[in-house]
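Q: Please take a close look at one part of this predicted model: the sheet and the elements that pack on it. A connected account is requested.

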Amino acid sequence: MKTPNALNQPVGILTGIGAQTANRLQKLGLCTLQDLIFHLPLRYEDRTRVYPICSLKPGMSVLISGKVEFTDILPRGRKSLICRISDGTGFISLKFFHFSASQHNALKPGTSISCFAEVRYGFAGLEMVHPEYKVIANPDGCITETRLTPVYPLTEGLGQNIIRKAVRQALDLCRQDPELLTDWIPESILKQYHYPSLADAIQTLHAPDESVSIEALQNGSVPALKRLAFEELLTHFLILRTTRNKTKAWQAPSFSVGAAGKTATNHFIRSLPFKLTGAQQRVIAEIEADCRLQHPMMRLVQGDVGSGKTVVSAYAALLALTAGYQVAVMAPTELLAEQHKRNFSIWFEGFQTQVVYLTGQLKGNARKTVLQALEDGTAGIIIGTHALFQDSVHFHRLGLIIIDEQHRFGVHQRLALREKGQQGNIRPHQLVMTATPIPRTLAMLQYSDLDISIIDELPPGRKPIVTSVIPAERRADVIDRINGWVGKNRQVYWVCTLIEESEVLQCEAAEKTAETLTEALPNVRVALIHGRMKSAEKDAVMQDFKNHRIDLLVATTVIEVGVDVPNAGLMIIENPERLGLSQLHQLRGRVGRGGDDSYCLLMYQAPLSDTARHRLGVLRDSNDGFVIAEKDLELRGPGEVMGTRQTGQMHFKIADLARDADLLDTVQQIGDSFFTHSPQAIQPLCDRWLGAPTEYSEV
Ligand code: ADP
Ligand code: MG
């Protein structure tokens, strides 16, 4: 039951907000009084004290007052009005490019005025350009404010004063009725973390008094802001956790392995050409335990490139198959989907089931056959791209969804997929895998709807990839090195990175590189693979590379995820400075898959910025995806690390993951206790921070 909250009223009810202004506010996403209240200032101006002119430095935005010494119109260059004022400690010039005759008249010598603006270096010493100013009775008559002045993000046609006045009215309302801003964070927590109450935090941020330092406000370290960021992050955590808890209440098929199943799993493990690592066995056990329950598994397997996630997922698939259910395996690229198709086909050769393959490219009868096999259940495993989740795809008895390289898909896609295999109130298990190791605290937030397993061990015998950072001028040496390498019967990747985000240009660049390398290396079999090739062509090239009919594969970043050719032990990445560290680490993970030495040459275009040099150095010095992710987080911020740039997930109104990363541990601890101690707070918090029911709470 909800009581109507006055803060849900439209901004139009405020004095001074007509239809047009309301429209403009709406452009900023400000529709209700509540929106206004959570629309925080970008920065603040200090009009709480008057600065002596002698203390001014360029860059300061300050209030000053003084007497006009002279006013002149300068015809030189652009016509301007110059007015020099002095307060006895020094003088400064005011400069106006637009001015009226009456303005000119009002600034007569001897007049006292107060002004506010940023101080700059001008032609004749310090100056203020177009300051706000007021004529006052005498130099001591300058009116100071008791609070810092907020400066809000604006949109065209909207002035600071309009929005300030509107916010002030909304704040007044909250002061009159403290019930409006219910504080859902328990007092004990506020005390423990020295957070102000919600109402105080809001008042402080919109109208900070002299007790608040302007620096702390600007750099985001004031408790008031931390508290709001905390509440917002907590809410996101709670939403995802709620999703997880709801999921756990659904029914799912139980894959309890009977005697026949046991034989199958034993056979599967025995027939693998390697022994599973301890980490793989542990994660497999975690998955097996999940699937035995009659509630859907929601598990994320995190493991560095090459840690052997695929075979773990195949084991999960086997559990589903032996229990009589179908499995859908979704990969972000066709290349990767094709590779999984090959691996799964080999691993499941002896089983009485079909492994089928579906992408957007598959058309006509071939497509019909696949869809039919899925619908009647003759196909036990379907592997494909996101085409798997189109409306035309119907499963006979889907029991498990496996999503590879999940960071390439958004959180929304992930949630949407779950609906797909629903039959009655039974929903499939879900296993998602990612090779982008993200720092633990971020994972807690982003994946709080999932249980997390980590494969923290590489298969034995892998040697670290030796990475060097070299300038493009040494291209000739690099080409020499390829000759020697191929002479030893080994294979090479040459990766052309993204050019201005354009796939077409990227492919052209790769084509050119392939041509020049073919010329430069007459004894080397060169081939090209890029995103604009048909999937059959790509498949053929990849197959040739795998079978060593090709020595040097020139590629765009399409090979980034998952592709596996153990004999390729040398990778050259051109212009690595264009890519994120985690992405480079993934690319590099294509080599070092066998037991031999492997190398990665990062061939940059000089000059390198300091940050770029630093970043490439991180990659040279570490082979550990988690370490690299932490550094990437430090150097570039969480959006890049989590791949949110591609998927557009995790938008915050106030929190900033880079600035507020220190809150995440607390968010998790408190968040978990919320379900027992403050369950009634969860829905109102969601309403506050996400507005109307969201995809999350709908699930
Ligand atoms: P990723 O975790 O990056 O998806 P893959 O599943 O593609 O890694 O595995 C990388 C390579 O390691 C594959 O060739 C796979 O067959 C092999 N592999 C997986 N597990 C083991 C293991 N326990 N011992 C040796 N090789 C393994
Ligand atoms: Mg993989």
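A: Two strands count as paired if DSSP finds at least two bridges between them. In this predicted model, strand 17 (residues 491–496) and strand 20 (residues 568–574) are joined by 6 bridges and run parallel. One of the bridge partnerships links V495 to I573 in strand 20.

Helix 16 (residues 475–487) packs on the sheet, where strand 16, strand 17, strand 19 (552–555), strand 20 and strand 21 (599–604) are touched by this helix. The direction of helix 16 makes about 150° with that of strand 17. Helix 19 (residues 581–588) also packs on the sheet and touches strand 16, strand 17, strand 20 and strand 21; its direction makes about 150° with that of strand 20.

The sheet as a whole is open and consists of 6 strands in the order 16-21-20-17-19-18, with parallel pairing. Its edges are formed by strand 16 (466–471) and strand 18 (526–529), each of which pairs on one side only. On average, neighbouring strands are turned by 20° against each other, direction ignored.

A further contact concerns two helices. The axes of helix 12 (residues 334–347) and helix 18 (residues 535–546) come within 10 Å and cross at roughly 60°, which means that helix 12 is oblique to helix 18. Their crossing is right-handed. On the side of helix 12, E334, L335, E338 and R342 take part, and they meet S535, K538, D539, M542 and Q543 in helix 18. Sorted by class, this contact comprises 2 nonpolar, 2 polar and 5 charged residues.

Technical notes: Residues numbered from 1 in each chain as written. Chains lettered and ligands numbered in written order. Predicted model: local features only at pLDDT ≥ 70, side-chain atom pairs only at ≥ 80, totals over all residues. Heavy atoms only, no water. Axes fitted to C-alpha atoms, helices over the stretch in contact; angles between N-to-C directions. Helix = DSSP H or I, 4+ residues; strand = E, 2+ residues; numbered from the N terminus. Parallel < 35°, antiparallel > 145°, perpendicular 65-115°, else oblique. Left-handed = near helix turned anticlockwise from the far one by under 90°. Contact = heavy atoms within 4.5 Å. Nonpolar A, V, L, I, M, F, W, Y, C, P; charged D, E, K, R; others polar.
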